[in-house]
Amino acid sequence: EDLFMSKKLISMLTVMAMLMTLIIVPSMATEESFDLAAAVAGAEAGDVITLTEDVTLTEKLTISKDISINLNGHNITADFEDDYGAIYVRPGANLFLSGEGKVSSTKATTIGNYGYVIINGSTVECADEDYAALYNFYYNGTPFGTAVISGDADINGNVWNCGRLEVDGAEIDCLDNSGELLLVPGGVFRRCEARAEGARHIVFRVESAVRRARIYPLGQELT
């Protein structure tokens, strides 16, 4: 009987050891990386997504609702080709991009916009001059994409505006404008190659006054 009890005790201790091992192993597992596409897909309209780490996109991120993304000191990078952009804002959707950090693409337009985009205090960059950091689209001659670039936002690369664009205190490398453009004091074009020909409406706002604007030369602050 003692031998039987000893064997039973050993068996119980073995099972307990196995259970403890099963409990410990998952806690030691590596956490999965932040999935921005899944976060956007699962978000409700009006939600704010705050990054907790750098994100690398492997395919186009489509925005089809009202979403805010706070970079929170992190970066979003993309290294793939896509006709609509690494981040594509659909008609009727809003993207509010804020917080310190950078959104960049190497082989496609970084943000392609048919909706409404606000960039406030973030950096948007496109390394390839054949594409744009921000592209406001049009359709059948009608401006669709609307963007507001404000605060300490910094656009490293082309901005192609075929829709509507407001620049308020931001810095932009190069603006090619054939849409509606509102320039507010404080913005800087670092290497402006903007063209006024064919532009539908270009205005420069000083306080409450509105008058015709010119395209400012390289590095000149809008005052």
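A pocket, found on a 1 Å grid over the protein atoms alone, is an open set of points with protein on both sides within 12 Å along at least five of seven lines; lining residues have an atom within 4 Å of a point. Grid points are joined across faces, edges and corners, and a volume is the space filled by probe spheres set on the points.

This is a predicted model: local features need pLDDT of at least 70, side-chain atom pairs count only at pLDDT 80 or more, and totals for chains, interfaces and linings use all residues. Residues are numbered from 1 along each chain as its sequence is written, and side-chain values use heavy atoms, with hydrogens and water left out.

**Exercise 1. Describe the largest pocket and its lining.**

Step 1. Take the volume. The largest pocket holds about 180 Å³ of space.

Step 2. List the lining. It is made of F34, D35, L36, A37, D54, V55, T56, L57, T58, E59, K60 and L61.

Step 3. Assign elements. Helices (H or I, at least four residues) and strands (E, at least two) are DSSP runs, numbered from the N terminus. Two or more lining residues come from each of α2 (36–42) and β2 (55–57). β2 gives the most, with three residues.

Step 4. Sort by chemistry. Ala, Val, Leu, Ile, Met, Phe, Trp, Tyr, Cys and Pro count as nonpolar, Asp, Glu, Lys and Arg as charged, and the others, Gly among them, as polar. The lining splits into six nonpolar, two polar and four charged residues.

**Exercise 2. Find the residues with the most contacts inside the largest nonpolar core.**

Step 1. Fix the terms. A nonpolar core is a set of buried Ala, Val, Leu, Ile, Met, Phe, Trp, Tyr and Cys residues joined through side-chain atoms within 4.5 Å. Buried means under 20% relative accessible area, exposed over 50%, partly exposed in between (1.4 Å probe, protein chains only).

Step 2. Read off the core. It has 41 residues, and L36, L57, I63, I76, I111 and L165 have the most contacts inside it. Another core, of six residues, lies apart from it; A132, Y135, F137 and C162 are among them.

Step 3. Look at L134, in strand β12 (residues 134–136). L134 counts as buried because its relative accessible area is 0%. L134 and I111 are 23 residues apart in sequence, yet 4.9 Å apart in space, C-alpha to C-alpha.

**Exercise 3. Trace the polar contacts of N177 and N136.**

Step 1. A polar contact is a pair of N or O atoms within 3.5 Å; within protein, one must be able to donate a hydrogen and the other to accept it, and residues adjacent in sequence count only if both atoms are side-chain atoms.

Step 2. N177 sits in strand β18 (residues 171–177). Its relative accessibility is 0%, so N177 is buried. The N177 side chain makes a polar contact with the side chain of N161 (2.6 Å). The N177 side chain also reaches the backbone oxygen of G179 at 3.4 Å.

Step 3. N136 belongs to strand β12. N136 is buried because its relative accessible area is 0%. A polar atom of the N136 side chain lies 3.1 Å from the backbone oxygen of R164.

**Exercise 4. Place D47 and decide whether D47 is buried, partly exposed or exposed.**

Step 1. D47 lies in the loop between α2 and β1 (48–50).

Step 2. D47 has 31% relative accessibility, so D47 is partly exposed.

Step 3. A polar atom of the D47 side chain lies 2.7 Å from the backbone nitrogen of E44.

How values were computed
On a 1 Å grid over the protein atoms alone, a cavity is a set of points where a 1.4 Å probe fits but cannot get out, and a pocket is an open set with protein on both sides within 12 Å along at least five of seven lines; lining residues have an atom within 4 Å of a point.
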